[in-house]
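Reader: I am new to this structure and would like a close look at a single helix. Please describe that part and what surrounds it.

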Amino acid sequence: MKRTRKREATGSVYFRAAFGMIVALFLLSACGKTIPDKGQKALSAAPETVTDSPEDNSMRVYFLDVGQGDCTLIFNGEHTMLIDAGDNAQEVLVLEYLIGLDVERLDYLVLTHTDADHIGGADVVLTHFPVENVFIGDYPRDNNTYRDVLEAIEGQGISFSTPPAGSTYPLGDAEFTIVGPNSRYDTSNNTSLVLLLEKGDNTFLFTGDAEREAEWDLVDSGVSLSADVYQVGHHGSVTSSTEELLDTVKPRYAVVSCGMDNDYGYPHEETLEKLAERDITVYRTDEQSSILAACDGKEIRFSSLPGLEQFSSDVTYVCNIRSMKFHLPDCENVGQIYEHNRLDVCLTREAVVAMGYEPCGGCRP
């Protein structure tokens, strides 16, 4: 049973029935806007048009805008992987993104490390979608957020593991390798699982919140870290993205996942300056909302995905993500649902039932 947690209220976040259509239209148009920042390389042109469809061979990497946190969803054909799941306060938003992008199951859920802004939404993901493999960075916590994830994993009847460096896994015709951590550390950030994702000639590097010491050990390991796209470590903190790592990876593109006007000042100016000095094109979720990188093994094309808050629709049902019951909006039981357990949707009854919800016995939706 999911524990009640004290956390920032998410508000009534509405799932938009039109979201899937918006995503489809987005994939067929150049929706990306780029906002150069001081210390950031000014982009020479808007992101290229992404013409992705079920018939092509593109891998899609969504750097989802979940505020101050990380959440990256990857599709390759019929195969899917989620890297991190945002903060507790954004768990409903993460769920809406996955539903809106037609996720039905996950081959892999990778939680790079156990900080709340990376694992907070994982229990809800595990509650709503079948997951085949769960990987978690080796830094156990004694808190409700971590325990909720473990209970959700147990509820699926599966287990989790911490794969060692050198482990390689298939994702359709792509594959990813765990390239770090390469030592044992006494801080959570440095225990981050580091992934190198490859499809054809295209490569993506995800380092979680790994900091200087872990980055130096990565470079010293001698493993190939060359990548086209680098998800900037630790949300752009000055504690990561060392000169040594950047000069080894040599990325053409960098993506910063961070919250707008966050309390930490991410991305830090020094980090942006290092990226600009190397002529690396930078995308930021705090400025452009969710970022999509689509690649076919040869070329990578970027666009930005409109945030869910830009769309509106009428609510059809109110779901309780703790009790897994759904209600009519005017049901008297709706007022008893804690805000952080409430999910307002504009879906058909069949779709809500397919998500695993049972009808309320009072309002009989």
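Helix H5 in its chain

Author: Among contacts in the chain (heavy atoms within 4.5 Å) between residues at least 6 apart in sequence, 70% join residues at least 24 apart. This is a predicted model, in which local features need pLDDT of at least 70 and side-chain atom pairs count only at pLDDT 80 or more, while totals for chains, interfaces and linings use all residues. Residues are numbered from 1 along each chain as its sequence is written, and side-chain values use heavy atoms, with hydrogens and water left out.

The chain has ten helices and 20 strands; these are DSSP runs numbered from the N terminus, with helices (H or I) of at least four residues and strands (E) of at least two. Of the 365 residues in the chain, 57% are buried. Buried means under 20% relative accessible area, exposed means over 50%, and partly exposed lies in between, with a 1.4 Å probe and protein chains only.

The part chosen here is helix H5, residues 144-155. At 1.5 Å a residue, its twelve residues should span 16 Å, and the end C-alpha atoms are 16 Å apart, which agrees. The expected span is 1.5 Å times one less than the number of residues.

Buried in H5 are Thr145, Tyr146, Asp148, Val149, Ala152 and Ile153. Seen down the axis of H5, these buried residues fall within an arc of 160°, so they line one face of the helix. The arc is that of the directions from the helix axis to the C-beta atoms. On the face turned away from the buried side, H5 carries the exposed residues Glu154 and Gly155.

What do the buried residues of H5 pack against? Their partners are strand E5 (106-111), helix H3 (116-119), helix H4 (122-128), strand E6 (131-136) and strand E7 (160-161).

Threonine 145 can be followed further. Its relative accessibility is 12%, so threonine 145 counts as buried. Its side chain is joined to that of asparagine 88 by a polar contact of 2.9 Å. A polar contact is a pair of N or O atoms within 3.5 Å; within protein, one must be able to donate a hydrogen and the other to accept it, and residues adjacent in sequence count only if both atoms are side-chain atoms. At the start of H5, a side-chain oxygen of asparagine 143 reaches to within 3.3 Å of the backbone nitrogen of threonine 145.

After the helix comes glycine 157, which has a positive phi, near 75°.
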